[in-house]
Amino acid sequence: MTSPAMTSPTLSRRLFLAGSAVAIGLPAAPRVFAQAASPAPTGPFVLPQLGYAFNALEPHIDAMTMEVHSQRHHGAFIANLNNFAKDHGTLASTPIPKLLAEWQQLPEAIRMGAKNSLGGHANHAMFWQIMTPGGAKEPAGDLKAAIERDLGGLDKMKADFNGAGGRVFGSGWVFITVSKEGKLAIVSKPNQDTPLMDGQMVLFGNDVWEHAYYLKYQNRRAEYLANWWNVANWTKIAERYSAAKAGTLAL
Ligand code: MN
């Protein structure tokens, strides 16, 4: 899904440093190298900012994983969507949850590609915002009450979520969905599918594609799933819970 056009200037500079400049003792990489990367195709779809540095989630998620994942993997979905939107303007003018809930009615020529890229964009846009450096204080109030009522409490929720994430065969995601009434459930999905495709709302989710953890954890997905809770942004998740019940949760 990546293309040369999506190469991150920062990543290029780092690879350049690792590959040559450092090895032969040169000073910092010249800026001209960073400018050599082609700019990403532009259009109505925009790659979201993380809101924290690539290395901010260490040691639980390493900086290289965050940079490649957010800039190249998510960036490829954005590039694909902007390409599709050139000939299919409704992609940009229709709310993403509606497009995903009705993906089978997407134009046939772009149906599967648009479904995958819309799902990938929605999943990752959610994912970046529900993580934060050092994590955040654990759930309180009505979110805590809902976790206890629907998922057996925080510890059981984590264990069941990790179990579901571990059982995803191949690539996919594990989610907590939330209804308008605030009811929670654990749902896993293959590929870049999302509960939005079932007309459901996502409270939060974790990416269990190998690209999300392989550089640091290799095949140890269970260890990644266990450590991931250290960066869960419960403040943001609580905001999403309130927004879901208010009918204002976007993605
Ligand atoms: Mn991913």
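**Contacts, cores and the manganese site in a predicted model**

Neighbours within four places in sequence aside, Ile-130 is in contact (heavy atoms within 4.5 Å) with Leu-203, Phe-204, Gly-205, Trp-228, Val-231, Ala-232, Asn-233, Lys-236, Ile-237 and Arg-240. The model is predicted: local features need pLDDT of at least 70, side-chain atom pairs count only at pLDDT 80 or more, and totals for chains, interfaces and linings use all residues. Residues are numbered from 1 along each chain as its sequence is written, and side-chain values use heavy atoms, with hydrogens and water left out.

Ile-130 belongs to the loop between α6 and α7. Helices (H or I, at least four residues) and strands (E, at least two) are DSSP runs, numbered from the N terminus. Ile-130 is buried, at a relative accessible area of 0%. Buried denotes under 20% relative accessible area, exposed over 50%, and partly exposed the range in between (1.4 Å probe, protein chains only). Ile-130 and Ala-238 are 108 residues apart along the chain, and their C-alpha atoms are separated by 9.8 Å.

Ala-238 falls within α11 (234–246). The 13 residues of this helix should span 18 Å at 1.5 Å a residue, and the end C-alpha atoms of α11 are 18 Å apart, in agreement. The expected span is 1.5 Å times one less than the number of residues. Trp-234, Ile-237, Arg-240, Tyr-241, Ala-243 and Ala-244 are the buried residues of α11. Their cover includes α6, α7, α8, β1, β2 and β3. Just after the helix, Gly-247 takes a positive phi of about 75°.

Trp-234 also figures in the largest nonpolar core, which has 48 residues. A nonpolar core is a set of buried Ala, Val, Leu, Ile, Met, Phe, Trp, Tyr and Cys residues joined through side-chain atoms within 4.5 Å. The residues with the most contacts inside this core are Met-131, Leu-184, Phe-204, Trp-228 and Trp-234. At least two core residues come from each of α3, α6, α7 (141–151), α8 (154–167), β1 (172–178), β3 (201–207), α10 (221–228) and α11. Another core, of 16 residues, lies apart from it; Ala-85, Ile-110, Ala-122 and Leu-196 are among its members. Residues up to four places away in sequence not counted, Trp-234 touches Ala-136, Lys-137, Glu-138, Pro-139, Leu-143, Ile-147, Leu-154, Met-157, Phe-204 and Trp-229.

Strand β1 pairs with β2 (residues 184–190) in the antiparallel sense, over seven bridges. Pairing requires at least two DSSP bridges between the strands. Val-178 has Leu-184 as its bridge partner in β2, and Thr-177 has Ala-185. Five residues separate the strands of this hairpin, where Gly-182 takes a positive phi near 90°. Strand β1 also pairs with β3, again antiparallel, over six bridges. Here Trp-173 stands opposite Asp-207. Seven of the seven residues of β1 are buried, so the strand is largely enclosed by the rest of the structure. In a regular strand the side chains alternate between the two faces of the sheet. Both faces of β1 are covered, with Gly-172, Val-174, Ile-176 and Val-178 buried on one side and Trp-173, Phe-175 and Thr-177 buried on the other.

Asp-207 (OD) is also a donor of the manganese ion, together with His-69 (NE2), His-124 (NE2) and His-211 (NE2). These protein donors lie 2.0 to 2.1 Å from the ion. Donors are N, O and S atoms within 2.8 Å of the metal (3.2 Å for Na, K and Ca); water is not among the atoms, so sites may look incomplete. Along the chain the donors follow the spacing H-x54-H-x82-D-x3-H. His-69 lies in α3 (residues 63–87) and His-124 in α6 (residues 111–129), so the pair ties together parts that are 55 residues apart in sequence. Both histidines are buried, His-69 at a relative accessible area of 2% and His-124 at 0%.

Thr-65, in α3, is buried at 2%. Its side chain makes a polar contact of 2.7 Å with that of Asp-62. A polar contact is a pair of N or O atoms within 3.5 Å; within protein, one must be able to donate a hydrogen and the other to accept it, and residues adjacent in sequence count only if both atoms are side-chain atoms. Neighbours within four places aside, Thr-65 is in contact with Ser-70, His-211, Ala-212, Tyr-213 and Leu-215.

Some backbone features lie in loops. The peptide bond from Glu-58 to Pro-59 is cis, with omega near 5°. Asn-191, in the loop between β2 and β3, has a positive phi near 55° and is partly exposed at 41%.
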